[in-house]
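Subject: Structure handover

Hello,

Here is the structure I promised. Please load it first, then read on for what turned up.

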Amino acid sequence: MASDGTVYRPTSRFFTTGGTWLFAGGWCAAAWVDAGVAGAVSALPACAGLAFGGWLAFWYPRVEVDDEAVRLVNPLRTVSVPWAALAHVSTQYAMTLVTPHGQYRAWAAPGPGAGHVARVSVSDVRAVSAGSADARGAVPMGDLPTAPSGSAALLVRRRWQRLVEEGRVEAGVADRTPVTNRWNVPAIAVLAVAAITTLVVALVG
């Protein structure tokens with residue numbers, strides 16, 4: 001990411017990642033108490049895989065925004081969308097970058113859940129950009145700045161608007177501007193090894 005970039009990460013990552021690690025640690029501890037060192041060693045691959053999976057699913061994902069592109073760093077794949085390829089930013093189920101090549105959702109910026117929507121206040125709705133309202137004045141719940149999808153979308157839209165106003169986004173070339181997809185091969189390999197090792201231990205044990 002360029003030096004002028006901004007990164008969005010959900011604040012919930014502290015609780016979700018920590019909770020996963022505590023569960024994995026408790027699982028190993030329970031195996032130790034139940035079957036001693038042998039039990040703990042047998043449970044270790046599954047516990048390690050769970051801890052890594054928690055980090056990958058909750059801590060690792062992010063949205064990177066700079067003057068060149070928006071990058072959605074998802075658990076298994078990173079998508080880089082240049083500004084010239086971007087057509088629309090949606091927040092229906094998660095912050096989603098819409099391009100002529102496809103739609104790309106940000107794992108780090110899901111839409112609000114039912115509990116979140118139930119706690120929405122008038123000030124929350126008023127904080128949504130006027131451009132987000134439809135012809136009836138209705139505001140998408142995903143655009144709420146208190147929701148991960150809304151926070152990330154606001155970050156992207158503000159940078160996009162500034163670059164357009166400065167004349168730094170070429171118009172009319174979205175269909176000819178490539179979107180880059182890169183698989184997270186190391187993470188996939190670690191998950192595969194953890195799954196295979198866990199299965200082998202279960203079969204042998």
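Is V185 buried or exposed? V185 is exposed, because its relative accessible area is 55% and the cut-off for exposed is over 50%. Keep in mind throughout that this is a predicted model.

**Surface patch**

V185 lies in helix α5. It belongs to a nonpolar patch on the surface, together with L76, W183, I188 and L191. These residues have about 450 Å² of accessible area together. Helix α5, residues 185–204, gives the largest share of the patch, namely three residues.

**Main core**

Now the interior. The largest nonpolar core has 23 residues. Which of them touch the most other members? They are V63, L72, W83, M95, L97 and V156. Several elements each supply at least two residues of this core. The strands are β2 (62–65), β3 (69–73), β4 (77–82), β6 (94–99) and β7 (102–110). The helix is α4 (148–165). With five residues, α4 gives the most to this core.

M95 is a good place to start looking. Leaving aside neighbours within four places in sequence, M95 is in contact with V63, L72, V89, S90, Y104, R105 and A106, among others. The list also includes A109, S149, A152, A153 and V156.

**Second core and cysteines**

Another core, of five residues, lies apart from the largest one. Its members include A24, A31, A43 and C47. C47 is buried, at 4% relative accessible area. C28 has 16% relative accessibility, so C28 counts as buried too, the limit being under 20%. How many disulfides does the structure hold? Zero.

**Two pairs far apart in sequence**

V7 sits in strand β1, residues 6–8. At 37% relative accessibility, V7 is partly exposed. V7 and V63 are 56 residues apart along the chain, yet 5.7 Å separates their C-alpha atoms. V63 is also one of the core residues listed above.

R168 is in the loop between α4 and β8 (180–183). R168 counts as partly exposed, with 47% relative accessibility. Its C-alpha atom is 8.7 Å from that of D67, and the two residues are 101 apart along the chain. What does R168 contact, leaving aside neighbours within four places in sequence? The contacts are D67, R162 and L163.

Best wishes

Conventions
Residues numbered from 1 in each chain as written. Predicted model: local features only at pLDDT ≥ 70, side-chain atom pairs only at ≥ 80, totals over all residues. Heavy atoms only, no water. Disulfide = S-S within 2.5 Å. Buried < 20%, exposed > 50% of the residue type's maximum accessible area, 1.4 Å probe, protein only. Core = buried A, V, L, I, M, F, W, Y, C linked by side-chain atoms within 4.5 Å. Helix = DSSP H or I, 4+ residues; strand = E, 2+ residues; numbered from the N terminus. Contact = heavy atoms within 4.5 Å. Patch = residues over 30% accessible without salt bridge, like charges linked within 9 Å, V, L, I, M, F, W, Y side chains within 5 Å. Areas by Shrake-Rupley, 256 points an atom, 1.4 Å probe, with all protein chains shown as cover. Salt bridge = Lys/Arg side-chain N within 4 Å of Asp/Glu carboxyl O.
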